[in-house]
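This report goes through selected side-chain features of one protein model, from a surface patch to charged pairs, cysteines and one serine.

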Amino acid sequence: MLTFNQYRKVTSLEEAYELNQKKANKIIGGMLWMKMGARNIGTAIDLSGLGLDKIEEKEDEFSIGCMTSLRDLELHPGLDAYTGGAMRESLRHIVGVQFRNVATVGGSIFGRFGFSDVLTMFLALDSYVELYKGGIVSMDQFAAMERDNDILVRVIVKKTPLSVAYLSHRNTKTDFPVIACAVAQTEQGVKAVIGARPYKACIVWDNDDILKEGISLESAKAFGEYVADHVKTGSNMRGSKEYRSHLIKVLVRRGCQVLGGEQNAN
Ligand SMILES: Cc1cc2nc3c(=O)[nH]c(=O)nc-3n(C[C@H](O)[C@H](O)[C@H](O)COP(=O)(O)OP(=O)(O)OC[C@H]3O[C@@H](n4cnc5c(N)ncnc54)[C@H](O)[C@@H]3O)c2cc1C
């Protein structure tokens, strides 16, 4: 069971930061992941009074407060339009609506979980985290950083021109993904992001220009093979590393086909 000695609803980020410097104290998001463990926490630091539960859409970016629920992210019309439905697709399989009403963007990204659909999706976008002390850091840099006692204040998504497709494979509905996959066509070329491998999501760019001449079934298949060759997979109770590598080929190929205009690639 998870227990707290004290609870503090903070009135500023500075107050939260100061409290969070003590190892026994913890920031709480939706607390859904935290409550899975049995531990005793000194002070639970609640950010819910700071107005950080909103998504602001500006001309050139989305600014997503850390206390925004995954459900609000899923239903945001601007993000849905910008990602062509991929944001919604990345979230809709996570447990259930009630769960996504409570789970937060801050907890999902700060955790940098290997299984994360959320991190996989954001890595496909031109996205950044705003840390209270650390400032603005690109999502891929943040994913590689060691966990520390900073506070994730917001996630920022720049409205860089891009098309993106999101796919995942689950053994059973609502379970963790066996593989999560996002493919994005950007101004710098095509990249695939592979999560739940089961390690933390990683990015593979089309450095061999496999898709440079356009997306056909052959080039989509070839890029799927290329990504599978460049991603380390592992085995756990949900699937073997060989199965995961096979799924990468299939999902990357399908993702490319979606980018190429095929809606029901299989
Ligand atoms: C049963 C179950 C199934 C799940 N399935 C999936 C799935 O299929 N796909 C998927 O992507 N995810 C899945 N998740 C993860 C889930 O979507 C959330 O990412 C997770 O619960 C964390 O969000 P939270 O708001 O509950 O964070 P919390 O549990 O409150 O916090 C998680 C960690 O982040 C820290 N933290 C929280 N907010 C901040 C902040 N603003 N700044 C700094 N640190 C912070 C906390 O101190 C804690 O260490 C699952 C989780 C559970 C429990």
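W33, M36 and F176 make up a nonpolar patch on the surface, and together they have about 340 Å² of accessible area. The model is a predicted one. Within the patch, W33 sits in the loop that runs between strand 2 (26-28) and strand 3 (39-46). W33 is classed as partly exposed because its relative accessibility is 44%.

**Salt bridges**

Twelve salt bridges are present in the structure. The table gives three of them.

| Pair | Closest N to O distance |
|---|---|
| E14 and K133 | 3.8 Å |
| E61 and K158 | 2.8 Å |
| E74 and R71 | 3.1 Å |

The side chains of E14 and K133 meet at 3.8 Å, N to O. This pair links distant parts of the chain, 119 residues apart: E14 belongs to helix 1 (residues 13-20), while K133 is in the loop between strand 6 (127-131) and strand 7 (135-138). Both ends are partly exposed, E14 with a relative accessible area of 29% and K133 with 49%.

E61 and K158 form a salt bridge at 2.8 Å, N to O. Here too the pair links distant parts of the chain, with E61 in strand 5 and K158 in strand 8 (residues 152-158), 97 residues apart. Are the two partners buried or exposed? E61 has a relative accessible area of 11% and is therefore buried, whereas K158, at 29% relative accessibility, is partly exposed.

The salt bridge between E74 and R71 has its closest N and O atoms 3.1 Å apart. E74 and R71 are about one helical turn apart, because three residues separate them in helix 2. E74 is buried, at 4% relative accessible area. Elsewhere, salt bridges with shared partners join K58, E61 and K158 into one network.

**Cysteines**

How many disulfides does a search of the whole structure find? The search finds zero. For C181, the closest cysteine sulfur is that of C256, and the 8.1 Å between them is too far for a bond, given a disulfide cut-off of 2.5 Å. C256 is likewise in no disulfide, its nearest cysteine sulfur being that of C181. C181 is buried at 0% relative accessibility, and C256 is also buried at 0%.

C66 lies in the loop between strand 5 (61-65) and helix 2 (70-75). With a relative accessible area of 3%, C66 is buried. Leaving out residues up to four places away in sequence, C66 touches L47, L52, T104, V105, G106, L152, V153 and R154. The C-alpha atoms of C66 and K54 are 8.3 Å apart in space, and the two residues are twelve apart in sequence.

**Serine 219**

S219 is part of helix 9 (residues 217-230). What does the side chain of S219 have within reach as polar partners? A polar atom of that side chain lies 3.0 Å from the backbone oxygen of G214, and the backbone nitrogen of S216 is 2.8 Å from a polar atom of the S219 side chain. Neighbours within four places in sequence aside, S219 is in contact with I210, L211 and G214. S219 counts as buried because its relative accessible area is 9%, under the 20% cut-off.

Conventions
Residues are numbered from 1 along each chain as its sequence is written. This is a predicted model: local features need pLDDT of at least 70, side-chain atom pairs count only at pLDDT 80 or more; totals for chains, interfaces and linings use all residues. Side-chain values use heavy atoms; hydrogens and water are left out. Helices (H or I, at least four residues) and strands (E, at least two) are DSSP runs, numbered from the N terminus. Buried means under 20% relative accessible area, exposed over 50%, partly exposed in between (1.4 Å probe, protein chains only). A polar contact is a pair of N or O atoms within 3.5 Å; within protein, one must be able to donate a hydrogen and the other to accept it, and residues adjacent in sequence count only if both atoms are side-chain atoms. Contact means heavy atoms within 4.5 Å. Patches are made of residues with over 30% relative accessible area and no salt bridge: like charges are joined within 9 Å, nonpolar side chains (Val, Leu, Ile, Met, Phe, Trp, Tyr) within 5 Å. Accessible areas come from the Shrake-Rupley method with a 1.4 Å probe; for residues, only the protein chains shown count as cover. A salt bridge is a side-chain nitrogen of Lys or Arg within 4 Å of a carboxyl oxygen of Asp or Glu.
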